[in-house]
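I am opening these notes to record what I looked up, going from the overall make-up to one helix pair, the core and a few backbone angles.

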Amino acid sequence: MSELKNITSNDKEANLEKLWQIYKETGDNDAKNEILMNYIKLVKAIVRRMMPKYNRYNEFDDLVNCGVIGLIDAVERFDLSHGVKFEAYAISRIRGEILDYMRLQDWAPASMRKKINAITDIFEQAEINPDIYITDEYVAGKLDMSVDQVQKILAQSHMFNLMNFEDTVNAANAINSAPVPENSLPENRLLDKELKQTLVDLIVSLPEKEKLVITLYYYEGLLLKEIADILDVTESRVSQIHSKVLLRLKAKLKAAM
């Protein structure tokens, strides 16, 4: 019979702690399921932060299901003796599972991918010329597109740019032979001081609106929709800004590497 019947406290945190003890000591499946149900809201919060509401390439429920797979893995591997909060440990595994799923999806036609790669190349090429600051107008001129077309591509490539940025971060870690703690957030995985300073310098130099988007998204943990409400712009526009900053960060990192 499950040991869950011994839990009588009304203190949610105490109940959760007891559930963890029971599961890790006995492998009780009921305890494991209770723990998973407690953290489903964490998975949904992560998906909401990663996926703009207007995104048409992936369904919210599909990404939640992938995140749950990461959550299950995190629960099974979590070591209570390490003294780390489970949420901090689980976030990278949940995000990682979602991003792995995204990498396997045929989420954009070849023509769209070609345009995204062309924009990425412009940002990377600009790194050799510090006098060039990439604007939507600059990209539009280089690719013989309208500014509206460029902004639409940036908005639609939001998830793609998140994936590519994380891949670049992981590559930077590998090159620098720096161990990556399992409980670190993907955006905080740069352990090499020079690479960290490169990112800090770039963020400081951003225009105010771009800097505010990065601050609200990464440091305040706001959703794209919430940031849009603060800036009094559309969520699509926030995705454009975020994508553009991620392209800058990726280009800077590749140059530094």
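Before reading off the order of elements, I note that helices are DSSP runs of H or I with at least four residues, that strands are runs of E with at least two, and that both are numbered from the N terminus. I also keep in mind that this is a predicted model.

Entry on the overall make-up. I looked up the secondary structure first and found 12 helices and 0 strands, which along the sequence read as α-α-α-α-α-α-α-α-α-α-α-α. The protein has 257 residues, of which 46% count as buried. Among the contacts with a separation of 6 or more, I noted that 65% are made by residues 24 or more positions apart.

Entry on a helix pair. Two packed helices are described by the angle between their axes and the distance between the axes. I looked these up for helix α3, residues 60–77, and helix α4, residues 86–104, and found an angle of about 135 degrees with the axes 8 Å apart. That angle makes α3 oblique to α4, and I recorded the crossing of the two as right-handed. On the α3 side the contact includes L63, C66, I69, L71 and V75, and on the α4 side F86, Y89, I94, I98 and M102 are among the residues met. The residues of this contact divide into 13 nonpolar, 2 polar and 5 charged; D62, D73 and R77 in α3 take part, as do R93 and E97 in α4.

Entry on the core. Which residues touch the most other members of the largest nonpolar core? I found L71 and F86, in a core of 69 residues, to which helix α2, residues 29–50, gives the largest share with 10 residues. Leaving aside residues up to four places away in sequence, I listed L36, Y39, I40, V43, F86 and I94 as touched by L71.

Entry on backbone angles. Most residues other than glycine have a negative phi. I therefore looked for departures from this, with the rule in mind. D144 has a positive phi of about 55 degrees without being a glycine, and its place is in the loop between α6 (136–143) and α7 (147–156). D144 is exposed, with a relative accessible area of 74%. D232, not a glycine either, has a positive phi of about 60 degrees; I located D232 in the loop between α11 (224–231) and α12 (235–256), where D232 counts as exposed at 70% relative accessibility.

Terms used:
Residues are numbered from 1 along each chain as its sequence is written. This is a predicted model: local features need pLDDT of at least 70, side-chain atom pairs count only at pLDDT 80 or more; totals for chains, interfaces and linings use all residues. Side-chain values use heavy atoms; hydrogens and water are left out. Axes are lines fitted to C-alpha atoms, for helices over the stretch in contact, and angles run from 0 to 180 degrees between N-to-C directions. Angles under 35 degrees count as roughly parallel, over 145 as roughly antiparallel, 65 to 115 as roughly perpendicular and the rest as oblique. A crossing is left-handed if the near helix is turned anticlockwise from the far one by less than a right angle, and right-handed if clockwise. Contact means heavy atoms within 4.5 Å. Ala, Val, Leu, Ile, Met, Phe, Trp, Tyr, Cys and Pro count as nonpolar, Asp, Glu, Lys and Arg as charged, and the others, Gly among them, as polar. A nonpolar core is a set of buried Ala, Val, Leu, Ile, Met, Phe, Trp, Tyr and Cys residues joined through side-chain atoms within 4.5 Å. Buried means under 20% relative accessible area, exposed over 50%, partly exposed in between (1.4 Å probe, protein chains only).
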